[in-house]
Amino acid sequence: MPRDWSAIAEGSNGLYEIQDFKRALYQLVVQQCLYLRHQGQAVAYRLVSSYRRDFAEALDLMGLRLGFNDRFEYCYVTQDVGTLAAMDLQETLFLLTLRHVYHMRASAGDLTADGEAMVSIPEFEESFKLLCQRSLDTKTESLKSMLRMANRHGLAKSCPAPEGDPQPFVILILPGVTDVLSEHAVSRFGGHISANLLDVEDGVNRQEEVES
């Protein structure tokens, strides 16, 4: 059992107050990923990182698991219970395609120094169609709405397109997508979509082994 936040706050010698811990816990649960480099998340990330065991115990009582990626300086929570929250089919397919595209970029070593994958709209649209066997609505507002949903969970966001690029924006897939949408989580979505995703990625991994 985690200690009461008041005892932990007192032990910080005035550095933190009880509300600091409560706010950080709430932010982590709601946003699912906290990045040190993201404005508005750095304070909560530092607090959670400094008290990893206490936050892990508090989250465990909620059926959640706390994880860290120290290389890219972010933390995340995943569900540790039997059922996933209901999700719109289009949102599910969108998120799984984000994970798939990120995996392919990571396998090719094509990530930024922060572990992010910058993807054009046409590339993402093509991947979505191949993986899901349906078309993606690429109207600017529709796509931005999906990206806002993904951004709320620390998975992806829109980013200004490079100068001279005719696209309205590009898609920036964040490294937390591999943790929040792990193979275990993907397998629980069911249907051909998860099978397609895991089969494709398994094939990429086998090819890498042959070439290495």
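Which residues in H6 are buried? In this predicted model, the buried positions of H6 are Ile121, Phe124, Ser127, Phe128, Leu131 and Cys132. These residues lie on the same side of H6, because the arc they cover around the axis is only 130°. Glu126, Lys129 and Leu130, on the other side of H6, are exposed.

**Helix H6 and its ends**

Helix H6 comprises the 12 residues 121-132. At 1.5 Å a residue, a helix of this length should span 16 Å, and the end C-alpha atoms of H6 are indeed 16 Å apart, so the two values agree. At the start of H6, Ser120 places a side-chain oxygen within 3.2 Å of the backbone nitrogen of Glu123. After H6 comes Gln133, a residue with a positive phi near 60°.

**The open sheet S4-S6-S5**

Three strands, in the order S4-S6-S5, make up an open sheet with antiparallel pairing. Strand S4 (117-119) and strand S5 (156-159) occupy the edges; each has a single partner strand, so one side of each is left without a neighbour in the sheet. On average, and with direction ignored, neighbouring strands of this sheet are turned by 25° against each other. Helix H7 (residues 140-152) packs on the sheet and touches S5 and S6, and its direction makes about 130° with that of S5.

S4 and strand S6 (residues 170-173) run antiparallel and are joined by three bridges. Within this pairing, Met118 has Leu172 in S6 as its bridge partner.

**Strands S1, S2 and S3**

Strand S3 pairs with both S1 and S2. Strand S1 (residues 33-35) runs antiparallel to S3 and is joined to S3 by three bridges; here Cys33 stands opposite Tyr76 of S3. Between S2 and S3 there are six bridges, again in an antiparallel arrangement, and Leu64 stands opposite Gln79 of S3. Strand S3 is largely enclosed by the rest of the structure, because five of its six residues are buried.

S2 and S3 form a hairpin, with four residues between the two strands. Glu73 belongs to the turn of this hairpin, in the loop between strand S2 (64-69) and strand S3 (74-79).

**Residues with positive phi**

Glu73 has a positive phi although it is not a glycine, and Asn13 is likewise a residue other than glycine with a positive value. Asn13 is found in the loop between helix H1 (5-10) and helix H2 (18-31). Its relative accessibility of 74% is the reason why Asn13 counts as exposed. Glu73, by contrast, is partly exposed, with a relative accessible area of 39%. The table lists the phi values together with the place of each residue.

| Residue | Phi | Place |
|---|---|---|
| Asn13 | near 55° | loop between H1 and H2 |
| Glu73 | about 55° | loop between S2 and S3 |
| Gln133 | near 60° | follows H6 |

**The chain as a whole**

The secondary structure of the protein chain amounts to 10 helices and six strands. Of the 212 residues in the protein chain, 42% are buried. Among contacts between residues at least 6 apart in sequence, 60% join residues at least 24 apart.

Note on methods. Residues numbered from 1 in each chain as written. Predicted model: local features only at pLDDT ≥ 70, side-chain atom pairs only at ≥ 80, totals over all residues. Heavy atoms only, no water. Expected span 1.5 Å × (residues − 1). Buried < 20%, exposed > 50% of the residue type's maximum accessible area, 1.4 Å probe, protein only. Arc of directions from axis to C-beta. Polar contact = N/O pair within 3.5 Å; in protein donor to acceptor, adjacent residues only side chain to side chain. Pairing = 2+ DSSP bridges. Axes fitted to C-alpha atoms, helices over the stretch in contact; angles between N-to-C directions. Contact = heavy atoms within 4.5 Å.
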